[in-house]
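Reader: I am new to this kind of picture and would like a close look at one part of it. Please start with the whole and then zoom in.

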Amino acid sequence: MSRNHSQSAALYAEAVQYIPGGVNSPVRAFKSVGGDPLFMERGAGSRIFDVDGNGYIDYVMSWGPLIFGHAAPRILEAITDAASRGTSFGASTAAEVTLAKKIVAAVPSIEKVRLVSSGTEAVMSAVRVARGFTKRDLIIKFEGNYHGHSDGFLAKSGSGLATFGLPDSAGVPANLTRDTITLPYNDIAAFREAFAAHKGEVACVMLEPIAGNMGIVPPVAGFLETLRELTAADGALLLFDEVITGFRVSVGGAQQMLGVTPDLTTLGKIIGGGLPLAAYGGRADIMDVVSPVGPVYQAGTLSGNPLAVAAGLEQLTILEEGGPEMYDDLTRKIGRLATATQTAADRVGVPIQINRIGSMMTTFFTETPVTDYTTAKTSDAARYAKLFRSLLEQGIYFAPSQFEAAFVSTAHTDEDLDATIAAVDKAFDGLV
Ligand SMILES: Cc1ncc(COP(=O)(O)O)c(C=O)c1O
Ligand SMILES: N[C@H](C=O)CCC(=O)O
């Protein structure tokens with residue numbers, strides 16, 4: 001029997017009258033997988049529940065922040081405790097200093113850090129810093145990476161733009177993207193050539209060190225190292241956007257895991273424990289261009305919000321306590337899911353590629369290994385949509401878009417994985 005989604009459908013019909021597309025962020029809209037978006041009511045551990053009372057084992061996890069699952073007791077306690085003392089002061093707090101110290105201790109590239117409220121804001125600010133520090137304008141980014149929705153970064157971007165097949169966004173004046181060069185991810189030769197053509201002109205080279213927004217695409221051997229070597233020699237800055245990977249693939253992020261240290265780093269998602277918090281940081285001499293020390297202006301009414309900082313602090317504390325064993329167990333869990341998915345695909349003869357690293361994975365429906373945006377786009381999105389719908393019907397919630405990642409949390413149990421594996425196996429029968 002099919003699940004009842006009547007309350008979600010009614011809310012959606014109402015929402016479209018007041019909210020563009022009925023959603024507050026486009027990839028939630030289910031446009032590329034069919035059906036109407038679900039309206040969620042609550043989450044607990046590995047599960048999320050919609051307004052019709054249907055429960056799902058959740059692999060979206062709010063797009064990454066919830067590494068301990070929904071409504072994790074220690075995070076809730078930290079938020080409640082902070083809230084009881086006031087929701088916002090617009091002034092400095094002791095907890096901000098503690099969080100900054102934790103971030104500096106954990107992330108190899110960060111000597112000083114500034115807290116903001118979203119990943120978009122973090123990347124936008126970090127790029128402004130790079131331009132202010134180098135006194136250069138050009139930035140280099142990579143196809144299929146997503147750095148939030150600020151004007152200069154919306155060309156050939158991943159995430160929602162990939163989902164909806166948009167090469168760029170309307171409403172961005174051409175002169176705002178004139179200083180952005182977009183190159184294919186993982187293409188060392190293309191980078192060498194473009195960088196050489198703009199010697200001494202590039203403020204920063206920015207990328208997701210492990211891409212997550214065209215689905216998971218790890219860097220090929222030598223890619224990050226080449227970017228590091230050439231930018232350092234030229235005086236351009238290297239910016240790792242670790243909004244997804246920060247504290248997800250290790251406490252020190254992708255830079256620690258892969259052994260390449262950038263000049264600037266952006267963080268988000270996990271550092272806010274599910275509340276709006278993000279950060280940018282890097283070498284102290286670079287960060288000292290930020291106002292009020294230096295001439296690069298950046299500000300925020302709710303920056304360092306006490307509730308978000310409390311949630312983030314508790315989240316990072318639990319991660320520290322868990323240590324490498326916690327990360328190893330997350331990797332083991334996603335490994336179980338990946339192996340079972342491959343087995344199911346092989347059984348029915350459906351070609352897939354699974355890219356996974358740490359506790360994140362993406363299944364692409366293609367015979368071509370996925371190493372960049374062009375190969376990611378070879379995935380049969382209609383098959384992904386079928387998989388998504390079958391799993392949803394069986395009570396498993398994956399991202400409603402091919403070009404995203406599945407995340408596991410410490411709250412996902414082996415029983416959850418058993419149930420998911422059985423559902424995946426059944427779903428592949430319908431994909432032939
Ligand atoms: C790598 C990366 N950078 C930046 C962003 C923007 O973050 P936010 O959605 O918090 O603005 C996201 C996600 O949205 C992201 O995945
Ligand atoms: N891929 C995005 C973030 O990582 C998804 C979040 C959103 O755009 O709503």
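What percentage of the 432 residues of the chain count as buried? After that, please take me to Lys-269 and its surroundings.

Author: The figure is 52% of the 432 residues (buried means 20 or more other C-beta atoms within 10 Å of a residue's own, exposed means 12 or fewer, partly exposed is in between, and C-beta atoms are placed from the backbone). This is a predicted model, in which local features need pLDDT of at least 70 and side-chain atom pairs count only at pLDDT 80 or more, while totals for chains, interfaces and linings use all residues. Residues are numbered from 1 along each chain as its sequence is written, and chains are lettered from A and ligands numbered from 1 in the order in which they are written.

First, the whole. The chain has 14 helices and 14 strands (DSSP runs numbered from the N terminus: H or I of at least four residues, E of at least two). Its C-alpha atoms fill a box of roughly 65 × 55 × 45 Å along the principal axes. Take the contacts between residues at least 6 apart in sequence (C-beta atoms within 7 Å): 74% join residues at least 24 apart.

Now Lys-269. Find the loop between β9 (264-267) and β10 (278-282); Lys-269 sits there. An unreviewed UniProt entry places "modified residue: N6-(pyridoxal phosphate)lysine" at Lys-269 (such annotations may be inferred rather than shown by experiment). Why does Lys-269 count as buried? Because 26 other C-beta atoms lie within 10 Å. Set aside its neighbours within four places in sequence, and Lys-269 is in contact with Gly-64, Pro-65, Gly-119, Val-243 and Ile-244.

Some of these names come back around the ligands. Ligand 1 is surrounded by 15 residues (C-beta atom within 6 Å of the molecule). Gly-119 and Val-243 are among the closest, along with Ser-118, Thr-120 and Gly-148. Helix α4 (residues 119-134) gives the most to this shell, three residues. By class, the shell has five nonpolar, eight polar and two charged residues. Ala, Val, Leu, Ile, Met, Phe, Trp, Tyr, Cys and Pro count as nonpolar, Asp, Glu, Lys and Arg as charged, the others, Gly among them, as polar.

Turn to ligand 2. Ile-244, a contact of Lys-269, is one of the residues around ligand 2. Others there include Trp-63, Tyr-146, Asn-213 and Glu-404. This shell has four nonpolar, four polar and one charged residues.

Where do those residues come from? The automatic or database assignment gives domain 1 (6-71 + 323-429) and domain 2 (73-318). Each domain gives at least three residues to the shell around ligand 2.

Step back to how the domains meet. Their C-alpha centres lie 25 Å apart. The contact takes 32 residues from domain 1 and 35 from domain 2. On the domain 1 side, β11 (353-357), β12 (360-364) and α12 (373-376) give two or more residues. β12 gives the largest share, four. That side has 17 nonpolar, 11 polar and four charged residues.

One last stop follows β12. Thr-366 lies in the loop between β12 and α12. Thr-366 is partly exposed, because it has 17 C-beta neighbours inside 10 Å. Leave out residues up to four places away in sequence, and Thr-366 touches Pro-351, Gln-353, Thr-378, Ser-379 and Asp-380.

Technical notes:
Contact = placed C-beta atoms within 7 Å.
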